[in-house]
Every structure is written in structure tokens, then in C-alpha cells.
Amino acid sequence: MKKKTYHYTECGLENIYLANGFNCMQTPRGKAVSINDLDGLHKAIGLHLVISKKDLTGQEIRFLRHEMLMSQNTLAQLLGVSAQAVHRWEKGKTSMPKPSECLLRLLYREHVNNQNSKISRTLKEIAHLEDKMNDKPILFKDTPRGWKTAA
């Protein structure tokens with residue numbers, strides 16, 4: 001019996017299919033899929049996107065940004081544009097200008113291929129700082145109207 005391909009939409013891209021490297025299983029909560037070397041798969045997808053000659057789609061821009069662990073704001077600052085511009089590109093409302101697209105492709109390649117370079121280390125430091133900034137405790141309070149975030 002021939003194994004079917006798996007339509008891997010969980011990565012946020014609509015056109016990714018896996019020929020192998022995955023296992024389908026039944027769990028108490030329904031069907032589940034386990035993917036071998038998920039980090040390696042995402043690296044392969046990202047490298048395919050950045051060496052492709054076609055313009056990046058909004059989904060692809062978002063995928064690359066997520067893989068570099070960047071917020072829209074950080075990517076915007078690195079590209080010299082507004083966070084709103086990055087948001088519009090990712091939603092497909094406007095196309096990414098060629099210079100910004102070229103820089104995004106270079107940043108991603110640097111991120112995955114040159115782990116010890118100054119640029120790669122700087123990108124990792126930025127991602128780490130963003131994590132720290134977003135790692136604030138969130139306090140919840142049980143009120144007569146149900147659970148709410150406390151100010």
C-alpha cells in the first residue's frame with residue numbers, strides 16, 4: 001500500500017506537502033501527525049523560499065519572520081519600514097518592495113547558514129530580547145463576572 005502525502009498546513013503555508021518523514025496516529029482526541037526533525041523541515045522550507053525566484057507571498061514573509069523569531073516591529077526596524085507595512089505585506093494587502101524582499105532573504109540565509117556570524121548572533125540577541133520583553137507575568141483575578149486579567 002502506497003503511503004499518502006501529508007498536506008502540512010500547520011506551518012502557515014498552503015502549498016507544502018510531505019512525501020515522507022511523518023507518522024499519522026490515532027489519539028484519544030482524534031487523528032494526530034508526528035513529523036520527524038521539524039526544525040530541519042522548517043529550515044528546508046525557508047531555504048527553498050529564499051532561493052526561489054518568485055516574489056514572496058504574505059504567508060511566506062510571515063513564515064520567514066517567525067522562523068527568525070522576530071516580531072513585525074523588529075523586522076520593520078531592520079528593513080527601515082513601519083510595522084504596519086510588514087502587517088500589510090503579510091496580509092497580502094500590498095506587495096513587499098524588492099529591496100526589502102532581498103534583505104529579508106539575506107537575513108534568513110544568514111540566520112540559518114552562518115550560525116556564528118555577527119549578523120546571526122545579533123539576530124538571536126534581538127529575538128532573545130523580544131522574548132524577555134514579552135515574558136511579563138499576566139495576573140488573572142476571579143471576579144463575580146468570571147476570570148479577568150488584573151490591571
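## Close-up views of the model

**View A. Helix α2 meets its neighbours.** The buried residues of α2 pack against four other helices: α1 (38–51), α3 (72–79), α4 (83–91) and α5 (98–113). This is a predicted model, so please keep that in mind as you look at each view. Which residues of α2 (residues 58–67) are buried? They are Gly58, Glu60, Ile61, Phe63, Leu64 and Arg65. An α-helix has 3.6 residues a turn, so residues three or four places apart point the same way. Just past the helix comes Leu69, which has a positive phi, near 60 degrees.

**View B. The whole protein, read along its sequence.** Let us step back for a moment. The protein contains six helices and six strands, and their order along the sequence is β-β-β-β-α-α-α-α-α-α-β-β. Of its 151 residues, 30% are buried. Among contacts between residues at least 6 apart in sequence, 45% join residues at least 24 apart. The accessible surface comes to about 10700 Å², and carbon and sulfur atoms account for 55% of that surface.

**View C. A salt bridge joins Glu90 and Arg65.** Here is one of the four salt bridges in the structure. The closest N and O atoms of Glu90 and Arg65 are 2.5 Å apart. Glu90 belongs to helix α4 and Arg65 to helix α2, so this pair ties together parts that are 25 residues apart in sequence. Are these two charged residues buried or exposed? Glu90 is buried, at 6% relative accessibility, and Arg65 is buried too, with a relative accessible area of 7%. Helix α4 is also home to Ala85, which counts as buried because its relative accessibility is 8% and the cut-off is under 20%. The C-alpha atoms of Ala85 and Gln72 are separated by 9.0 Å, with the two residues 13 apart along the chain.

**View D. Lys98 pairs with Asp55.** In this salt bridge, the closest N and O atoms are 2.2 Å apart. The pair links distant parts of the chain, 43 residues apart: Lys98 sits in helix α5, and Asp55 in the loop between α1 and α2. Lys98 is partly exposed at 45% relative accessibility, and Asp55 is partly exposed at 46%.

**View E. A salt bridge within helix α5.** Glu101 forms a salt bridge with Arg105, and their closest N and O atoms are 2.5 Å apart. Both residues lie in α5, four residues apart, which is about one turn of the helix. Glu101 is buried at 4% relative accessibility, as is Arg105 at 10%.

**View F. Strands β5 and β6 form a hairpin.** Two residues make the connection in the hairpin from β5 to β6. Strand β6 (residues 146–149) pairs with β5 in the antiparallel sense, over four bridges. Phe140 has Thr149 in β6 as its bridge partner. In a regular strand the side chains alternate between the two faces of the sheet.

**View G. A nonpolar patch on the surface.** Which residues make this patch of about 400 Å²? They are Ile138, Phe140 and Trp147. Ile138 lies in the loop between α6 (118–134) and β5 (140–143). Ile138 counts as exposed because its relative accessible area is 61%, and the cut-off is over 50%.

**View H. Two cysteines, Cys11 and Cys24.** How many disulfides does the structure hold? There are zero. Cys11 is buried, with a relative accessible area of 11%, whereas Cys24 is exposed, with a relative accessible area of 56%.

Methods
Residues numbered from 1 in each chain as written. Predicted model: local features only at pLDDT ≥ 70, side-chain atom pairs only at ≥ 80, totals over all residues. Heavy atoms only, no water. Patch = residues over 30% accessible without salt bridge, like charges linked within 9 Å, V, L, I, M, F, W, Y side chains within 5 Å. Areas by Shrake-Rupley, 256 points an atom, 1.4 Å probe, with all protein chains shown as cover. Salt bridge = Lys/Arg side-chain N within 4 Å of Asp/Glu carboxyl O. Buried < 20%, exposed > 50% of the residue type's maximum accessible area, 1.4 Å probe, protein only. Contact = heavy atoms within 4.5 Å. Pairing = 2+ DSSP bridges. Disulfide = S-S within 2.5 Å.
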